[in-house]
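The following paragraphs offer a guided reading of the structure shown here. The reader is invited to follow them with the model in view.

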Amino acid sequence: LRQDHLERLGWRFYRIWSSDWVRNRQQSMERLAQAYESAVADSDKPRADSPKPALGAESRQEAAPYQPVPRQVLASRQGSTGRASEPAKPSGIPRGPRPYVQPNCFIDYYSPAKLIALVDWIESDTLLRTEEELLAEVMKDLGFSRRGSKIVAAITSAIRVARKRRVRRGT
């Protein structure tokens, strides 16, 4: 899971098998150096799917530092060649139907139970997310474009309750 999560974040992995290391350490180190140089060279190239910063993006970065990868982009990558530089396919349990939570309402409209159900549904894909990433995902799903203190407090509370319940259940 750790490798899958890091690959989704754009990391690359290079494996050295212990038998190769014991038999021919010098050749293994040369291949490692080549993989490192290739990764550095690729990281300097702009990615085609990375968004272009808009004017004034610096000020928005402080308010919302995490920008999740759109599901359409993830879905389009599933048919890719599987190169190491591309994030891995999401490999989780298929989600059930999305709970009915009407988007584009005021935060006070949503009961804690509705927010917790939405958090549970989003996390049911088994992808590892930080609390901040999950907050951004729920906000996006509900149609919020601004991070008001009431919005953040309500969703963060729902995230913590949902995760606490999951820990108690052992899932």
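**From the loops to the core**

Thr 126 counts as partly exposed because its relative accessibility is 35%, where buried means under 20% relative accessible area, exposed over 50%, and partly exposed in between (1.4 Å probe, protein chains only). Thr 126 belongs to the loop between H6 and helix H7 (131-142); helices are DSSP runs (H or I, at least four residues), numbered from the N terminus. Its phi is near 65 degrees, a positive value in a residue other than glycine. Most residues other than glycine have a negative phi.

The model is predicted, and local features need pLDDT of at least 70, side-chain atom pairs count only at pLDDT 80 or more, and totals for chains, interfaces and linings use all residues. Residues are numbered from 1 along each chain as its sequence is written, and side-chain values use heavy atoms, with hydrogens and water left out.

Asn 104 also has a positive phi, of about 65 degrees, although it is not a glycine. Asn 104 is placed in the loop between helix H5 (71-77) and helix H6 (112-123), and it counts as exposed because its relative accessibility is 61%.

Attention now turns to the interior. The largest nonpolar core (buried Ala, Val, Leu, Ile, Met, Phe, Trp, Tyr and Cys residues joined through side-chain atoms within 4.5 Å) has 21 residues, of which Tyr 110, Val 138, Leu 142 and Ile 155 touch the most other members. Two or more residues come from each of H6, H7 and helix H8 (149-169), and H6 gives the largest share, 6 residues.
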